[in-house]
Amino acid sequence: MIGGRREGPLMRNASQSVVKSRILKAIAIGISLGCLFAFLYPHGFLPSSASSFHSRRTQVLSAKCESSERLNELKTEYAAASEKNTELRQQVKELTQKLKLAEQGKDYEQKQVPALGKRHKAGPFGTVKGLRTNPAVIPDESVNPRLAEILEYIAVKRELIVSLANWNVKDTLEVWFTSIKRVGIPNYLVVALDDKIAEFCESNHVPVYKRDADVGIDSIGRTGTNHAVSGLKFRILREFLQLGYSVLLSDVDIVYLQNPFSYLYRDSDVESMTDGHDNMTAYGFDDVFDEPTMGWARYAHTMRIWVYNSGFFYIRPTIPSFELLDRVASRLAREPKSWDQAVFNEELFFPSHPGYEGLHASRRTMDFYLFMNSKILFKTVRKDARLSKFKPVIIHVNYHPNKLERMKAVVEFYVNGNQDALKAFPDGSDW
């Protein structure tokens, strides 16, 4: 029979020794890991106390307050920067415009010959003609994007009628645009010089453009006389030309009976109606000056022509046209008592001479029976049975002060067929 196994004293001692060794190793490893974590995480894995949490919360709230104050400061700085940016943009726009003008002038001077084409030999006698039609400038819509958008919609073949008006001429303006509508002219625009006339045009479905605020122009536009307002057009027209449009500038004391664009030649920088009343005064003549004390040389021949009317002219967007507008506007600014029509003609006709460089612009005089002034109508046409049956393109009541009454009479005579409508008026004015 087999009995149970018993361990001797030597086996028990060996087993106890192994257990002790393992316990010592575990303690050593625990101590080592404790030292390692103590070194790596001296403050422990989690916040050590509620005071630390409270401190951090206070810091957050303080940061929020500081952020709110800083935000307000940034908003103030942004508003100031935006205002300054607007001023700088305006300055950049003005400087850019001046630079472009300078470049255009320089380009015109340096490249004038290439623009005219290659040089040629002269042809046979009687076949040579000089250049009359200057090339148009390249349109620059950055000058006035809002106006460019309006003109894109209104203009026909990049040309249109333009008139300046304030509330002082409201009644004559109404006769003016009514006659345009009657003829069926689509491409016309009123430049309103005050808010009341802009609203009046809008209420009558008349194309209108109200310029951006300009202290110098607005003060004259609101309260200025006819001559003062007339002088503004040379500054305002410039933007239309820079945008690449040809303009038929029209005063409001004009009655339209036909579409004027059907009667333009478009071969010159400026095509204008005349204040002349016959072939000599309208188109020029040899005026002989008699000075008896000179004996044999007593007769001196002079050239005479009556002035162009600055209240009705067609102007193309060419370099000479810009120079004309700039010259007239500059002189009117320097000489506030000058009459714009006199300055307009002096700059257009005076030749170069010592101390003065004349304007090299081509010009054409309009047919004075088609584009008729009121002197021709009341002194000649209404009294001539044959001429009174002729239908002009426009009639400009420029020679008479009672404009509204005569404009209405013109409508009665030519539109409504009242043959007596013009008879009650004197040839000239009563004063």
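In strand E9, the residue that stands as bridge partner to Val 270 is Ile 315, and this pair belongs to the antiparallel pairing of strand E6 (residues 270-274) with strand E9 (residues 308-315), which extends over four bridges. The model in which these strands are seen is a predicted one, and its confidence values are taken up at the end of this walk through the structure.

E6 and E9 are members of an open sheet of seven strands, whose order is E3-E2-E1-E4-E9-E6-E10 and whose pairing is mixed. At the edges of this sheet stand strand E3 (208-210) and strand E10 (363-365), each of which pairs on one side only. On average, and with direction ignored, neighbouring strands of the sheet are turned by 30° against each other.

From the strands we can turn to the helices that lie on them. Helix H5 (residues 170-183) lies across strand E1 (159-165), strand E2 (188-192) and strand E4 (246-250), and runs at about 160° to E2. Helix H6 (residues 195-203) lies across E1, E2 and E3, with a direction at about 155° to E3. E1 and E2 thus appear among the strands crossed by H5 and also among those crossed by H6.

How are H5 and H6 placed with respect to each other, and at what angle do they pack? Their axes are 12 Å apart and the packing angle is about 30°, which makes H5 roughly parallel to H6. The crossing of these two helices is right-handed. On the H5 side, Lys 170, Leu 173, Glu 174 and Phe 177 take part in the meeting, and on the H6 side Ile 197, Phe 200 and Cys 201 do so. Sorted by class, the residues of this contact comprise five nonpolar and two charged ones, with no polar residue.

H5 has a further helical partner in helix H13 (residues 403-414), against which H5 packs at an angle of about 20°, the two axes being 9 Å apart. H5 and H13 are therefore roughly parallel to each other, and H5 passes H13 in a left-handed crossing. H5 contributes Asp 171, Thr 172, Val 175, Trp 176 and Arg 182 to this contact, while H13 contributes Leu 404, Met 407 and Val 411. The contact of H5 with H13 divides into five nonpolar residues, one polar residue and two charged residues.

H13 leads on to another sheet, for this helix lies across E5 and E12 and runs at about 20° to E5. These strands belong to an open sheet of three strands, with the order E5-E12-E11 and mixed pairing. Strand E5 (254-256) and strand E11 (371-373) are at its edges, and each has a single partner strand, so one side of each is left without a neighbour in the sheet. From one strand to the next, the twist of this sheet averages 15°. E5 and strand E12 (residues 394-396) run antiparallel and are joined by three bridges, and in this pairing Val 255 stands opposite Ile 395 in E12.

Another pair of helices remains to be described, helix H10 (residues 319-334) and helix H11 (residues 340-349), whose axes come within 9 Å and cross at roughly 135°. H10 and H11 are therefore oblique to each other, and their crossing is right-handed. The contact draws on Leu 324, Arg 327, Val 328, Arg 331 and Leu 332 of H10, together with Asp 340, Val 343, Phe 344, Glu 346, Glu 347 and Leu 348 of H11. By class, the contact of H10 with H11 holds six nonpolar and five charged residues, and no polar ones.

Finally, there is the matter of confidence. The mean pLDDT of the protein is 85, and 77% of its residues reach 70 or more. Over residues 1-14, however, the pLDDT is below 50, and in the model this stretch has one contact beyond near neighbours in sequence. The pLDDT is likewise below 50 over residues 46-51, a stretch with zero contacts beyond near neighbours in sequence. Where pLDDT is low, predicted coordinates should not be read in detail.

Note on methods: Residues are numbered from 1 along each chain as its sequence is written. This is a predicted model: local features need pLDDT of at least 70, side-chain atom pairs count only at pLDDT 80 or more; totals for chains, interfaces and linings use all residues. Side-chain values use heavy atoms; hydrogens and water are left out. Axes are lines fitted to C-alpha atoms, for helices over the stretch in contact, and angles run from 0 to 180 degrees between N-to-C directions. Angles under 35 degrees count as roughly parallel, over 145 as roughly antiparallel, 65 to 115 as roughly perpendicular and the rest as oblique. A crossing is left-handed if the near helix is turned anticlockwise from the far one by less than a right angle, and right-handed if clockwise. Contact means heavy atoms within 4.5 Å. Ala, Val, Leu, Ile, Met, Phe, Trp, Tyr, Cys and Pro count as nonpolar, Asp, Glu, Lys and Arg as charged, and the others, Gly among them, as polar. Two strands pair if DSSP finds at least two bridges between them. pLDDT is the predictor's confidence in each residue, from 0 to 100.
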